[in-house]
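Work through the exercises below with the sequence and the coordinates at hand. Each task is followed by its solution.

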Amino acid sequence: MSIFIDRNKCVGCGKCADVCPGNLLKITDHKAVIRHPEDCWGCTSCLKECKVEAVKFFLGADIGGRGSTLTYTYGDDNRTVTWKVISPDKVERVIVIDTQKSNKY
Ligand code: SF4
Ligand code: SF4
């Protein structure tokens, strides 16, 4: 498992580096880079912290992803989040979650 950081989107805020439990991310030349991609265990914390959708997560064959990517975006309403799985043939599967409802017990 590993992530991909889109340097064109990254604004170098460093939030992803702050939350990575493995200390795998660092900011170089105002852009985030992953130092040891083989050590990423796919916690997705960096995806959730990135507000500009610069981080993509590769869904490898080991978890049935077959090369798909996973992205995470916040809704403009500050309430919904969207998980998007994009397969290599560009088919998109979208899951929208209302965070206020999802956290109710
Ligand atoms: S998915 Fe988790 S372990 Fe992997 S780089 Fe992001 S924060 Fe670090
Ligand atoms: S959180 Fe996003 S924009 Fe900020 S440094 Fe990380 S990848 Fe770049």
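**Exercise 1.** Which residue takes a positive phi in the hairpin of E6 and E7?

Solution. The model is predicted: local features need pLDDT of at least 70, side-chain atom pairs count only at pLDDT 80 or more, and totals for chains, interfaces and linings use all residues. Residues are numbered from 1 along each chain as its sequence is written, chains are lettered from A and ligands numbered from 1 in the order in which they are written, and side-chain values use heavy atoms, with hydrogens and water left out.
- Step 1: Strands (E, at least two residues) are DSSP runs numbered from the N terminus.
- Step 2: Five residues lie between strands E6 and E7 in their hairpin.
- Step 3: Lys 90 has the positive phi, near 75 degrees.

**Exercise 2.** Find how E6 pairs with E5 and with E7.

Solution. Strands pair if DSSP finds at least two bridges between them.
- Step 1: E5 (residues 68–74) runs antiparallel to E6, with six bridges; Thr 69 is partnered by Ile 86 of E6.
- Step 2: E7 (residues 92–98) is also antiparallel to E6, through seven bridges; Trp 83 has Ile 95 of E7 as its bridge partner.
- Step 3: In the hairpin of E5 and E6, Asn 78 takes a positive phi near 65 degrees.

**Exercise 3.** Decide whether E6 is mostly covered or not, and list the contacts of Leu 47.

Solution.
- Step 1: In E6 (residues 80–86), five of the seven residues are buried (under 20% relative accessible area, 1.4 Å probe, protein chains only), so the strand is mostly covered.
- Step 2: Leu 47 has contacts (heavy atoms within 4.5 Å) with Ile 3, Val 55, Phe 57, Leu 70, Thr 71, Tyr 72 and Trp 83, leaving out residues up to four places away in sequence.

Note on methods:
Buried means under 20% relative accessible area, exposed over 50%, partly exposed in between (1.4 Å probe, protein chains only). Helices (H or I, at least four residues) and strands (E, at least two) are DSSP runs, numbered from the N terminus.
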